[in-house]
Amino acid sequence: MLRRTLTLEMAYRPGGVLATKIHLKHISVATTEGYASRPGGAQAELLAEVNKHESERNLQLVLEEFRNFQQGVLPAGPGARSLTDFFASIDGTPDDAPALAPKTQRGDRDILNLLTKRASTLHLGPANYCWFTDPSRALCLKLAGTPTADRPLVGMCDSARCLQATHHPRHRPVWAEHTERARIFLGELGTTRKTERARLQADHDRAARVVAEIDGASATSNEEESA
Ligand code: SF4
C-alpha cells in the first residue's frame, strides 16, 4: 500500500512517471503506468489496440455466422431463435423460413455495418457464443448475484440454459468430447454411488443434447436441399 501511495503521489507531478519508474526501479514504464493507474499511457494504448482487434474478430465471426445462416447452417442453443430472427431481419427473409435461399443484394461492407452493433455484444466462451444484449437475462449474472453488471461472467457460463447463448458447429468437438468423457466416467462408476451417477448422467445427457441440437441445426440445409 505504501508503494502504491508513493507511486500515485510521485507519478502525477510533472515528469513524475519517469521519476517514479527510476525510483521504483521498474524495467518497463508500462509497469509504472499500471501502478499509477495513469490513463493514456502505454497500457491504455495496448488496451485500445486489443479492443480494436477484438472488434474486428467479432465482426468476422458474426459475418461468418450470417453466411452460415444464409446457407441454412443455423445456430443451436437457447439463444438461437433470437439470433436467427436478427439474421432474417438483415437478410430480408421471413421469420418462418430463415433457411430459404438467400436474397442478398448487399455488399460485404453494408452487411458488416448492419452486423457491427450485434458484434459488439459477442463474447466468446470455450463452448458457445454469448450474445450479451441484456444483463437481466444473463444466467451467469443471476447466479453470481450481480444482475446489473455490464459484462458477462464467462467463467460461470451455463450455456445450455442461458437465453443469450448459442452453439455452432465449431463448438461441437468440445461438447462431443465432454459427452464421451462423461460416458466413460459413468461406465467406471460403482453401482453404489447413486448421487454421483445421477449428477454425471445429467451432465452427459445435457452435453449429448447440445451435440444433437448442433447436428440438427446444421442438417436443416441438407434436408431442404435434398427435398
Ligand atoms: S451464462 Fe453464458 S451465455 Fe449467458 S450471459 Fe453468461 S456468459 Fe453469456
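Colleague: How much space lies in the largest cavity, and what makes it a cavity?
Modeller: About 80 Å³ of space lies there in this predicted model. A cavity is a space where a 1.4 Å probe fits but cannot get out, which means that the term is about being closed off. A search of the whole structure finds one cavity of 30 Å³ or more.

Colleague: Which residues line the largest cavity?
Modeller: There are 13 lining residues, and nearest the centre lie Cys 130, Cys 140, Pro 152, Cys 157 and Cys 162. By class, the lining has 11 nonpolar, two polar and no charged residues. Cys and Pro count as nonpolar here, so the five residues nearest the centre belong to that class.

Colleague: Where does the ligand sit, and how do you know?
Modeller: The ligand sits in the largest cavity. That is said because more than half of its atoms lie within 2 Å of the cavity's grid points.

Colleague: What makes a residue part of the shell around the ligand?
Modeller: A heavy atom within 4 Å of the ligand does. Among the residues that qualify are Asn 128, Ala 138, Val 154, Asp 158 and Gln 164. The shell divides into eight nonpolar, two polar and one charged. Asp counts as charged, so Asp 158 is the charged one.

Colleague: Why is the largest pocket called a pocket and not a cavity?
Modeller: A pocket is an open set of points, so the probe is not shut in. About 310 Å³ of space lies in the largest pocket. Its lining has 15 residues, with Glu 54, Asn 58, Ser 120, Leu 122 and His 123 nearest the centre. Helix 4 gives the largest share, six residues. By class, the lining has five nonpolar, six polar and four charged residues.

Colleague: What makes helix 1 and helix 2 a contacting pair?
Modeller: Contact means heavy atoms within 4.5 Å, and Leu 6 and Met 10 of helix 1 are among the residues that meet helix 2, where the partners include Val 17 and Leu 24. The axes come within 7 Å and cross at roughly 145°.

Notes
Residues numbered from 1 in each chain as written. Predicted model: local features only at pLDDT ≥ 70, side-chain atom pairs only at ≥ 80, totals over all residues. Heavy atoms only, no water. 1 Å grid on protein atoms, 1.4 Å probe; cavity = no way out; pocket = protein on both sides within 12 Å on 5 of 7 lines; lining within 4 Å. Axes fitted to C-alpha atoms, helices over the stretch in contact; angles between N-to-C directions. Helix = DSSP H or I, 4+ residues; strand = E, 2+ residues; numbered from the N terminus. Points joined across faces, edges and corners; volume = space filled by probe spheres on them.
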